[in-house]
Amino acid sequence: MTSSLLVRSQPAYPPLRAYPQARATVLVTDIATPDPACFAPGVSPETFSECWVVTGGSTTLPQSRNRMTAFRSVTQMLETLNIRLHHECMGLHLYAAGHEDFIWHVARIAENAGLSRQEYAVFRLGQPLRTVMCAHCHT
């Protein structure tokens with residue numbers, strides 16, 4: 001019997017809930033319309049002070065409109081996030097919803113910028129995909 005509760009390397013993803021005392025709350029996602037299941041009851045993308053979304057398209061420049069910023073690629077968003085977090089003041093809370101590789105890139109950027117685990121949260125959307133590397137042949 002294999003249970004996700006027994007697999008210690010499999011992270012748990014509690015629903016995202018905005019921290020009400022935060023100075024700013026930023027939701028980043030690589031999915032144009034996040035699944036409502038990633039949010040705690042009463043929480044939606046409009047709950048956050050900013051929402052960053054990857055919309056795709058080579059003509060999309062980072063544009064803010066009504067607290068939403070659209071990006072043309074995940075790479076563009078992650079580079080912008082890295083710069084933003086390194087110049088940010090205390091009080092920002094970061095939330096990431098999306099594919100597993102995306103949310104863990106966001107987590108790494110957050111930790112490198114000095115955010116503690118209590119200042120960011122992640123939620124996986126889509127199928128659980130993991131990169132597996134053979135320790136013997138390195139493929």
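This is a short talk that walks through one protein chain, from its overall fold to a few single residues.

Hi everyone, and thanks for coming. One thing to keep in mind from the start: what you see is a predicted model.

Let's begin with the whole chain. It has 139 residues, and 35% of them are buried. The secondary structure amounts to two helices and six strands. If you follow the sequence from beginning to end, the elements come in the order β-β-β-β-α-β-α-β. Now look at how the chain folds back on itself. Take the contacts between residues at least 6 apart in sequence: 61% of these join residues at least 24 apart.

Now for the helices. The one called α1 covers residues 74-86. How far apart should the ends of its 13 residues be, at 1.5 Å a residue? The expected span is 18 Å, and the end C-alpha atoms are indeed 18 Å apart, so the two agree. Which residues of α1 are buried? They are Gln76, Met77, Leu78, Leu81 and Leu85. An α-helix has 3.6 residues a turn, so residues three or four places apart point the same way. Keep that in mind as you look along this helix. The cover over the buried residues of α1 includes β1, β2, β4, β5 and α2.

That brings us to α2, which runs over residues 100-112. Here too there are 13 residues with an expected span of 18 Å, and the distance between the end C-alpha atoms, 18 Å, agrees with that. The buried residues in α2 are Glu100, Phe102, Ile103, Val106, Ala107, Ile109 and Ala110. Please notice Glu100 among them. What do these buried residues pack against? Their partners are β1, α1, β5 and β6. After α2 comes glycine 114, with a positive phi near 100°.

Next, the aromatic rings. A pair of aromatic rings is described by the distance of the centres and the angle of the planes. In this model there are five aromatic pairs. One of them joins phenylalanine 39 and phenylalanine 48: the centres are 6.1 Å apart and the planes meet at 45°, which makes it a tilted pair. Both of these phenylalanines are buried. Another tilted pair is made by tryptophan 52 and phenylalanine 71, with 5.2 Å centre to centre and 45° between the planes. Where do these two sit? Tryptophan 52 belongs to strand β2, residues 50-54, and phenylalanine 71 to strand β4, residues 68-71, so the pair ties together parts that are 19 residues apart in sequence. Tryptophan 52 and phenylalanine 71 are both buried. There is also a cluster, in which ring pairs link Tyr13, Trp104 and Phe123.

Let's turn to empty space. Rolling a probe the size of a water molecule over the atoms shows where empty space is left. The largest pocket has a volume of about 220 Å³. Its lining is made up of 20 residues, and those nearest the centre are Leu16, Tyr95, Tyr120, Ala121 and Val122. Which strands each supply at least two residues of this lining? They are β5, residues 92-98, and β6, residues 120-124. By type, the lining residues are 15 nonpolar, two polar and three charged.

I'd like to finish with three single residues that are worth finding on the screen.

The first stop is arginine 17, in the segment before β1. Is arginine 17 buried or exposed? Its relative accessibility is 54%, and the cut-off for exposed is over 50%, so arginine 17 counts as exposed. Beyond its neighbours within four places in sequence, arginine 17 contacts Ala40, Val43 and Tyr95. Its C-alpha atom is 9.2 Å from that of cysteine 38, and the two residues are 21 residues apart along the chain.

Then there is proline 36, in the loop between β1, residues 24-29, and β2. Proline 36 is exposed, with a relative accessible area of 65%. Between the C-alpha atoms of proline 36 and proline 15 there are 9.5 Å, with 21 residues separating the two along the chain.

My last stop is arginine 67, in the loop between β3, residues 63-65, and β4. Arginine 67 is not a glycine, yet its phi is positive, about 70°. At 46% relative accessible area, arginine 67 is partly exposed.

That's the tour. Thank you for listening!

Conventions. Residues numbered from 1 in each chain as written. Predicted model: local features only at pLDDT ≥ 70, side-chain atom pairs only at ≥ 80, totals over all residues. Heavy atoms only, no water. Phe/Tyr/Trp six-rings, centres within 6.5 Å; stacked < 30°, edge-to-face > 60°. Buried < 20%, exposed > 50% of the residue type's maximum accessible area, 1.4 Å probe, protein only. Helix = DSSP H or I, 4+ residues; strand = E, 2+ residues; numbered from the N terminus. 1 Å grid on protein atoms, 1.4 Å probe; cavity = no way out; pocket = protein on both sides within 12 Å on 5 of 7 lines; lining within 4 Å. Points joined across faces, edges and corners; volume = space filled by probe spheres on them. Nonpolar A, V, L, I, M, F, W, Y, C, P; charged D, E, K, R; others polar. Expected span 1.5 Å × (residues − 1). Contact = heavy atoms within 4.5 Å.
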